[in-house]
Every structure is written in C-alpha cells, then in structure tokens.
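Hi everyone, thanks for coming. Today I'd like to walk you through the empty spaces in one protein model, and then one spot on its surface. Have a look at it first.

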Amino acid sequence: MAGYGAVGFRKLIDFFEWLFFHAGASHLQVLGHANVILFPVVGLVIVSTIVRRFAPEAKGHGVPEVMAAIAERGGIIRLRVVVVKALASALTIGSGGSVGREGPIVQIGSAFGSVFGQFLGVPKKYLRLMVACGAGAGIAATFNAPIGGVMFAAEVILGSFALENFTAIMMSSVVSAAIGRIYLGNHPSFNIPIHYVGPFRVYWVYVFLGLVSGLWGILYIKVLYRFEEWFDVRRWPFWAKAAAGGLAVGLMGIWFPQIFGVGYVTIDRALLAHLPLYLLVILLVLKLLATSITIGAGGSGGVFSPGLYQGAMLGGLLGVVLSHWNVDVSPGAVAAIGMAGVFAGSAQAPVTAITMLFEMTGDYNMILPLMITSVLAATVAGIISPQTIYTMKLFRRGLDIVRLREPDRMKALTVGDVIQENRLVFGTKTSIETAWGSFAKTNEWFALIRDAKLGIVGSVARAQVVEALRENRGDEPLTSLLPLQMIRIDERASLAEALALMNDHGVTYLLVCRGDIGIGVVGTSDVIHAYRRVE
C-alpha cells in the first residue's frame, strides 16, 4: 500500500505541476515572466483551507506527526490523513511550494500501516511497528532506496535499531521499493557520473564539510521554526497567512524558479558541477527561506528534500572554491556528500544519511567521505541542540521525544511526570490532631502542606502524625513535623537526578518546584511506581 501510495502521490504531483505551470501559465501570459508569482499564492490558500477543514495534522512536514502518533496515541492515525495529506502536499509542491515529497509519503505510508493494523486489531506494540513499516516503505519507494527506508524507519521514526523490528520493516521496504521500480524505474534518484573524491591526504575537506554541514543543519532548524513561530503569532486570517507566504515564495521564484518544488533538477546540476559560484550561494540562502516560509504559512510537505538541496548547494559551493585553489577533489562529489551532511546534521541521523545517499547516487567510492561528513555533522549538531528538525516541532508542543527514547528509563522520566496530585493537602496552620482526623478517614500514607504564597512546602507521613499524637503534640501545627531543610528539585529534572539528590542528602523525598513555587513532592515510592509502570 505504501508503494502504490508513493507512486500515486508522484503522479498527483505531476498533475498539479502541469495544471499550474503549463495549463495555468498559458492563461497568464499577459504577466510575462512574472506569471509564476500567483501559483504559490493560490496553491497555499487552497491547501491551508483543506487542511484546516479536514485534517489539521496534515499541516507541515508530516514526520513529526507520525512520531507523535507512535509516542502519544499508540500508533493510531486517521484514514482521512492519507487523502488529505496526499492532496495538500501535491498541491503545495505542484503550485511551486518549496517543500519535499518524502515527508508526505512517510505520513501516507504510516497512515496505511496504522489503519491496516487497527483493522486487524493488533496490540499497540505491533501497531507502532506497522506505522514504522509504512514510513520505511514510503521512503524506499520514492527514493528507490530499500536499505535507506529501513534505516529511516529505525533511526528517525522509532529511534531504535532493535533487531526485533528489522524483519518487518525490511520486508515492507523491499516490497515497496519493488513496486516503485516497476512504475518509476529502477535507477538511482540522482543520475550522476562516478565522481573523484580525491586521495586520502585531502580527506580534511570532508572533515571541514562535516563541521560546516552540522552548523548549517542547526541553522536550517532555527530558521524553519522561527518562521513558523512568526506566522503563528500573526493575528491574521489563515488564508491571509497562506497568501502572504505564497506571495513571498512567488516573488523569489520570478528571478530564481529553481527554488520551486522539490528541486531535483537543480540538485542534479549541482552534482554535475554545472552551477556557477554566485548561483550556488543565492540558491542556498533562498531555498532555506522559501522552505521555511512555505511551511510556516500553512503549506504541507517535507523538509528532507529541501535539506538535500541545501546540502548540494553548500557542498557545491565548497567544491567550486576548492577547485579554484587546485585542491584535488571533484566539486560534484563534494556537493553529493554535502547532501548527506546537511541531512545528518538537521535530523541527527548519520546512518540513514550514509545509506540513503549511497543508494540514491549508486557511487560506492563516496562511502568513506560520506561516513566522515555525516558522523561529524550529526555530532556537531547534537552538541549544539539535542532536538532535530523532526523532534523540535514536538518539543515546542511539550512532547520531548529525545528524552522519552532514553534507554535509561530513569532518565526518560522527569519528576514532574510522576508527582501525585490526588494526595491530602493541609494548610500550614492545620494542627496535628486535625490532620489525623482527615488521615483516619482515608487510606492515604502521605499528605502535602500548602502555603498560600509559597505553594507546597513539604510532606508529612501518616506514621509521623501517629507518633506525634503519642507524644501529646496534637495541638502543634503540622509544619513542626517538617525537616529543618527541604531539598528542592526542579520539575524538569529526571528521576535519575532525583534519586542521586536523595542519596546525597540522605532523604526519602524532595520538594518539586516550578521556579520558586513548590508544586508537589517526589519520594522513593513514586520512583519505584514510575519504574514499574514504564517497564
């Protein structure tokens, strides 16, 4: 299903490209060369209307929504997402929106996997796996890269290379890639000659390219989400945002139509070293802006292909400069490896970058430079920010996928995740005897003490109250049972940090704070319960 979905989606894009840039252009000849300015405007307004009305989760670049479905909804994706995502993304790309086709295909394939799994009634564990199978299959078909599809599903979607997942994902990717080859042809995505990567003494070029690609990947993330945030805070009607974004992209496209759509033709020219230095610089910057504006204004499409585009321009730029300095490398080879570098940096997925670029170019000579550049780019980006171009969208919504994927479960959960809110709560002036009256009516073993200004100030145990009554201290305030020094911890700290802090200070619970205000407590029993729950 993902294979046929990828083929159908490609045909749909071709149809809308013909509709806008051929049939539509013939009716706007009065505008001359500027006739393209209206196409992104019309396309984005229609897309934003469709997405807002039928499936809001189809907005944007698709992959984060798949990751959220796995993390939050047990792999459940609505069937209508298939139709809406395909239509919206094909319209965006076909009308000149500067986005990629892989994100939509990932979401379409994942939706097929989810719907089929729900129909079969499989457990959530396997439903999540079927979603990943659909994602990997979509990538495999659209790029003719079955190994890359497997790695994308494991590294990006699931965040795990667990062997138990590989068989299913690999079978799905192989079948999907075979379907893609039947209908789209059995050839690499980028038809380039075998490039000369240079002798080992010039491999410092790929070290430098890895560092620069990692930094550019971070810039890509920041600019993309800065534009998305800028559009989100505008109090304009949704169609006005779409029109403004489309107009900006259309204006760029009047002079540089290479930024329209997925841009594979322009990537091919960079790989063949057919682009001059000035154009490489201009297209590098404009593609970054056009993609960010398209998605921020309400467009639907992927960020993978724009990343490859920027990587090709960045690598091509470096390659041309080095060739002028008589460094023994091919500009086309540096451009191809730059594609892997920018993707690895923005997605922090070096294994996927290496395998996919090898499959998409079919040139084994580039394996060593690919590995150097991809790993360094991912490392540099990871040092600067733990969030990737896919996880950042979820992080801004409050879902930290990176933390949840932490293999140490005590590092994956925060103290804010486990504090209990249904405990007894007493005021600071409540007496010990009064507190016992409430304890006696419940089965609670602990209670919180709240101050009107400071929030929660501590916790008392049922056993402490009983012991105080035996000592005839019933008239004393409940706060007299609190320790002299409360050890505080921020709600965003991990349970591993909480356990270490309790061990260092010899206490059994900590005061959980949001800023200076106490919001609850976390004790050893809460940690034990949380560990059992996630296991």
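Let's begin with a word we need: a cavity is a set of grid points where a 1.4 Å probe fits but cannot get out, and its lining residues have an atom within 4 Å of a point. Please keep in mind that this is a predicted model.

So, how many cavities of 30 Å³ or more are there? The count comes to one, and the space in the largest cavity is about 30 Å³. Which residues line the largest cavity? They are Tyr220, Val303, Phe304, Gly307, Phe343, Ser346, Ala347, Ile389 and Tyr390. Seven of these lining residues are nonpolar, two are polar and none is charged. Helix H13 (304-324) and helix H14 (331-347) each bring at least two of them, and H14 has the largest share, with three residues.

Next, an open space. The second largest pocket has a volume of about 430 Å³. It is lined by 18 residues, and Glu17, Val262, Gly263, Tyr264 and Val265 are the closest to its centre. Two or more lining residues come from H1 and also from helix H11 (264-271), with H1 giving the most, seven residues. This lining does include charge: four residues are charged, next to nine nonpolar and five polar ones.

Finally, the surface. Tyr4, which sits in helix H1 (residues 2-26), joins Ile182 and Tyr183 in a nonpolar patch with about 360 Å² of accessible area together. Is Tyr4 buried or partly exposed? Tyr4 counts as partly exposed because its relative accessible area is 46%, between the cut-offs of 20% and 50%.

Technical notes: Residues numbered from 1 in each chain as written. Predicted model: local features only at pLDDT ≥ 70, side-chain atom pairs only at ≥ 80, totals over all residues. Heavy atoms only, no water. 1 Å grid on protein atoms, 1.4 Å probe; cavity = no way out; pocket = protein on both sides within 12 Å on 5 of 7 lines; lining within 4 Å. Points joined across faces, edges and corners; volume = space filled by probe spheres on them. Helix = DSSP H or I, 4+ residues; strand = E, 2+ residues; numbered from the N terminus. Nonpolar A, V, L, I, M, F, W, Y, C, P; charged D, E, K, R; others polar. Patch = residues over 30% accessible without salt bridge, like charges linked within 9 Å, V, L, I, M, F, W, Y side chains within 5 Å. Areas by Shrake-Rupley, 256 points an atom, 1.4 Å probe, with all protein chains shown as cover. Salt bridge = Lys/Arg side-chain N within 4 Å of Asp/Glu carboxyl O. Buried < 20%, exposed > 50% of the residue type's maximum accessible area, 1.4 Å probe, protein only.
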